[in-house]
Amino acid sequence: MDKPFIFINSAMSADGKLSTKERKQVRISGKQDFERVDELRAQADAIMVGIGTVLADDPSLTVKSPERRATRKAEGREENPVRIVVDSSARTPLDADIFKKGEGKRIIAVSKSAPSEKVGDLEKKARVIKTGEERVDLPELARELKKIGIGTLMVEGGATLNWGMLSAGLVDEIYTFAGNVIIGGKAAPTFADGEGFTEAELLKLELLSAEPIEEGILLKWKVKGKRN
Ligand code: NAP
């Protein structure tokens with residue numbers, strides 16, 4: 001395999017929305033799901049988000065439980081997985097929480113046309129990987145990540161990055177928690193935005209499990225590939 005094992009984990013409303021039309025983080029799941037996600041983070045080598053999520057929510061993407069961080073340390077790993085932002089134009093703010101909070105490596109994935117001054121500033125805070133001319137080339141990035149030792153990559157959204165990863169055929173498994181709210185609205189991000197597939201291109205999944213959690217349901221899917 002020349003890429004990591006890649007899974008997407010997202011919380012969405014019963015109608016498949018990742019957040020509201022205000023495009024800001026919204027609480028969809030409860031404590032039990034929060035712990036499940038923290039455990040997934042603790043197991044991963046790296047966590048990836050799109051620049052849209054950094055600009056909207058400013059997540060730190062750290063492992064929250066001190067016990068889980070201590071376990072990672074005891075295993076000879078850093079307290080937090082490598083945190084990766086997919087950011088073609090190097091727009092990640094230098095005071096973003098991923099830089100301020102928690103120990104561990106950061107990677108900003110930019111395109112070859114990202115302004116060199118911004119890239120230089122980010123290089124003081126993170127490793128910068130350049131792929132693609134105008135936009136980050138996700139398959140090439142995945143290969144680079146594998147080369148530097150990332151075996152398991154957790155993608156935490158948002159809607160556009162999920163689509164990018166899925167449409168590039170890079171995703172092995174998908175975990176969605178569907179919570180007991182309706183968000184609605186065509187401007188609200190869905191699990192996978194972007195252009196969308198035609199009927200001939202649909203991605204086929206295999207259901208691995210369906211588990212009620214609190215007042216929602218956790219669905220685990222394996223991605224099988226193009227339906228036809
Ligand atoms: P996003 O998916 O986080 O980031 C998308 C950006 O990534 C693109 O606009 C693009 O910006 C960059 N990118 C670079 N190369 C790409 C490629 N090859 N394919 C796809 N994207 C690429 O942003 P979003 O769609 O606006 O989603 C953010 C929303 O999702 C927020 O409302 C946030 O709250 C929500 N969210 C929810 C969850 C959840 O689990 N419920 C999780 C995360 C986020 P450049 O062209 O500038 O590089």
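pLDDT is the predictor's confidence in each residue, on a scale from 0 to 100. The structure described here is a predicted model. Its protein chain has a mean pLDDT of 97, and 99% of the residues reach 70 or more. Among the elements of the chain, the lowest mean pLDDT, 95, belongs to strand β9 (residues 216-226), while strand β3 (residues 82-86) has the highest, 99. Where pLDDT is low, predicted coordinates should not be read in detail.

**Ligand site**

The ligand occupies the largest pocket. Three elements each give two or more residues to the shell around the ligand: β1 (5-12), α2 (51-57) and α7 (159-167). In total, 27 residues surround the ligand. A11, S19, T53, S88 and T160 are the closest of them. By residue class, the shell divides into nine nonpolar, eleven polar and seven charged residues.

Polar backbone atoms of the protein approach nitrogen and oxygen atoms of the ligand, as the table lists for L18, G50 and V136.

| Residue | Protein atom | Ligand atom | Distance |
|---|---|---|---|
| L18 | backbone N or O | nitrogen | 3.1 Å |
| G50 | polar backbone atom | oxygen | 3.3 Å |
| V136 | backbone N or O | nitrogen | 3.1 Å |

Taken alone, the ligand exposes 930 Å². The protein buries 86% of that area.

**Backbone geometry**

Most residues other than glycine have a negative phi, and most peptide bonds are trans. Two places in the chain are to be noted against this background.

One is R23, which is not a glycine yet has a positive phi of about 55°. R23 is located in the loop between β1 and α1 (31-43). Strand β1 is also one of the elements that give two or more residues to the ligand shell.

The other is the peptide bond joining G157 and G158, which is cis, with omega about 0°. G158 belongs to the loop between β6 (152-155) and α7. Helix α7, like β1, is among the elements contributing two or more residues to the shell around the ligand.

How values were computed:
Residues are numbered from 1 along each chain as its sequence is written. This is a predicted model: local features need pLDDT of at least 70, side-chain atom pairs count only at pLDDT 80 or more; totals for chains, interfaces and linings use all residues. Side-chain values use heavy atoms; hydrogens and water are left out. Helices (H or I, at least four residues) and strands (E, at least two) are DSSP runs, numbered from the N terminus. A residue is near a molecule or strand if one of its heavy atoms lies within 4 Å of it. A polar contact is a pair of N or O atoms within 3.5 Å; within protein, one must be able to donate a hydrogen and the other to accept it, and residues adjacent in sequence count only if both atoms are side-chain atoms. Accessible areas come from the Shrake-Rupley method with a 1.4 Å probe; for residues, only the protein chains shown count as cover. On a 1 Å grid over the protein atoms alone, a cavity is a set of points where a 1.4 Å probe fits but cannot get out, and a pocket is an open set with protein on both sides within 12 Å along at least five of seven lines; lining residues have an atom within 4 Å of a point. A molecule sits in a cavity or pocket if more than half of its atoms lie within 2 Å of its grid points. Ala, Val, Leu, Ile, Met, Phe, Trp, Tyr, Cys and Pro count as nonpolar, Asp, Glu, Lys and Arg as charged, and the others, Gly among them, as polar.
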